[in-house]
Amino acid sequence: MANGLTPLDDAFGPIVREKRYAVYLRGVIGRAGSRNRMPLTVRNISAHGLKGECAYPPTADETVEIELPGIGAVVGNVRWGEGQAIGVEFDGPIDPTLAFTRNRPGIRRSGLLSAH
């Protein structure tokens with residue numbers, strides 16, 4: 001679909017689901033208002049949220065602040081948690097493609113071809 005949403009079917013008919021990008025990103029997460037931060041591994045990301053893993057995950061309904069590469073600080077709410085995995089819904093939409101190293105200007109990685 002042109003709006004970035006993909007249709008799925010269930011017993012009630014089509015469900016529209018936002019495009020998610022499977023990634024392996026390293027970020028930082030902390031509870032809102034706290035100076036304590038911990039590493040966050042992002043497993044998938046979309047314009048409105050992410051699935052990540054951290055050692056001491058915040059609980060559902062907590063507000064968190066997340067620092068993501070290429071994006072910066074993002075505020076969101078934890079929607080679910082299971083073990084060390086959490087799902088976070090952002091307060092507003094982001095462009096998830098900014099987090100991909102290959103899309104950031106001035107950064108080159110070995111193995112990637114650059115246009116000359």
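## A hairpin to start with

Strand 6 and strand 7 form a hairpin with three residues between the strands. Gly 70 belongs to this hairpin and takes a positive phi near 80°. The model shown here is a predicted one.

The two strands of this hairpin run antiparallel. Six bridges join strand 6 to strand 7, which covers residues 72-82. One bridge can be picked out by name: Thr 63 has Asn 77 in strand 7 as its bridge partner.

## The two faces of strand 6

Strand 6 covers residues 63-68. Which of its side chains are buried? Val 64, Ile 66 and Leu 68 are buried, and they point to one face. Thr 63, Glu 65 and Glu 67 point to the other face and are not buried. This follows a general pattern: in a regular strand the side chains alternate between the two faces of the sheet.

Strand 6 has another partner in strand 3, residues 21-31. These two strands are antiparallel and share four bridges. Two of the buried residues of strand 6 can be placed in this pairing. Ile 66 stands opposite Ile 29. Val 64 is the bridge partner of Arg 31.

## The barrel as a whole

The protein has eight strands and zero helices. Read from the N terminus, its elements are β-β-β-β-β-β-β-β. Six strands close into a barrel. Their order around the barrel is 3-4-5-8-7-6, with antiparallel pairing. From one strand to the next, the twist averages 45°.

Some totals describe the whole chain. The protein has 116 residues, and 31% of them count as buried. Take the contacts with a separation of 6 or more: residues 24 or more positions apart account for 42% of these. The structure holds zero aromatic pairs.

## Strands 3, 4 and 5

Strand 3 pairs with strand 4 over seven bridges, in the antiparallel sense. Arg 26 has Thr 41 in strand 4 as its bridge partner. Strand 3 and strand 4 also form a hairpin, with six residues between them. In its turn sits Gly 33, with a positive phi of about 85°.

Strand 4 covers residues 38-45. Four bridges join strand 4 to strand 5, and the two run antiparallel. Here Ile 45 stands opposite Leu 50 in strand 5.

## Two loop residues

Is Ser 46 buried or exposed? Ser 46 lies in the loop between strand 4 and strand 5. Its relative accessible area is 4%, so Ser 46 counts as buried. The side chains of Ser 46 and Glu 18 are joined by a polar contact of 2.7 Å. Beyond its neighbours within four places in sequence, Ser 46 is in contact with Glu 18, Lys 19, Arg 20, Phe 90, Ile 94 and Pro 96. One of these, Lys 19, also lies over the face of Tyr 21, at 4.8 Å from the ring centre.

Asp 61 sits in the loop between strand 5 and strand 6. Strand 5 covers residues 49-53. Asp 61 has a relative accessible area of 64%, so Asp 61 is exposed. What is the phi of Asp 61? The value is near 75°, which is positive in a residue other than glycine. The general rule runs the other way: most residues other than glycine have a negative phi.

## An exposed alanine in strand 7

Ala 73 is found in strand 7. Is Ala 73 buried or exposed? Its relative accessibility is 67%, so Ala 73 counts as exposed. Which residues does Ala 73 touch, not counting residues up to four places away in sequence? They are Ile 66 and Glu 67. Ile 66 and Glu 67 point to opposite faces of strand 6.

Ala 73 can also be set against Val 28. The two are 45 residues apart in sequence. In space they are 9.3 Å apart, C-alpha to C-alpha.

Technical notes
Residues are numbered from 1 along each chain as its sequence is written. This is a predicted model: local features need pLDDT of at least 70, side-chain atom pairs count only at pLDDT 80 or more; totals for chains, interfaces and linings use all residues. Side-chain values use heavy atoms; hydrogens and water are left out. Buried means under 20% relative accessible area, exposed over 50%, partly exposed in between (1.4 Å probe, protein chains only). Two strands pair if DSSP finds at least two bridges between them. Rings of Phe, Tyr and Trp (its six-membered ring) pair if their centres lie within 6.5 Å; planes under 30 degrees apart count as stacked, over 60 as edge-to-face and the rest as tilted. A charge sits over a ring if NZ of Lys or CZ of Arg is within 6 Å of the ring centre and within 35 degrees of the ring normal. Axes are lines fitted to C-alpha atoms, for helices over the stretch in contact, and angles run from 0 to 180 degrees between N-to-C directions. A polar contact is a pair of N or O atoms within 3.5 Å; within protein, one must be able to donate a hydrogen and the other to accept it, and residues adjacent in sequence count only if both atoms are side-chain atoms. Contact means heavy atoms within 4.5 Å.
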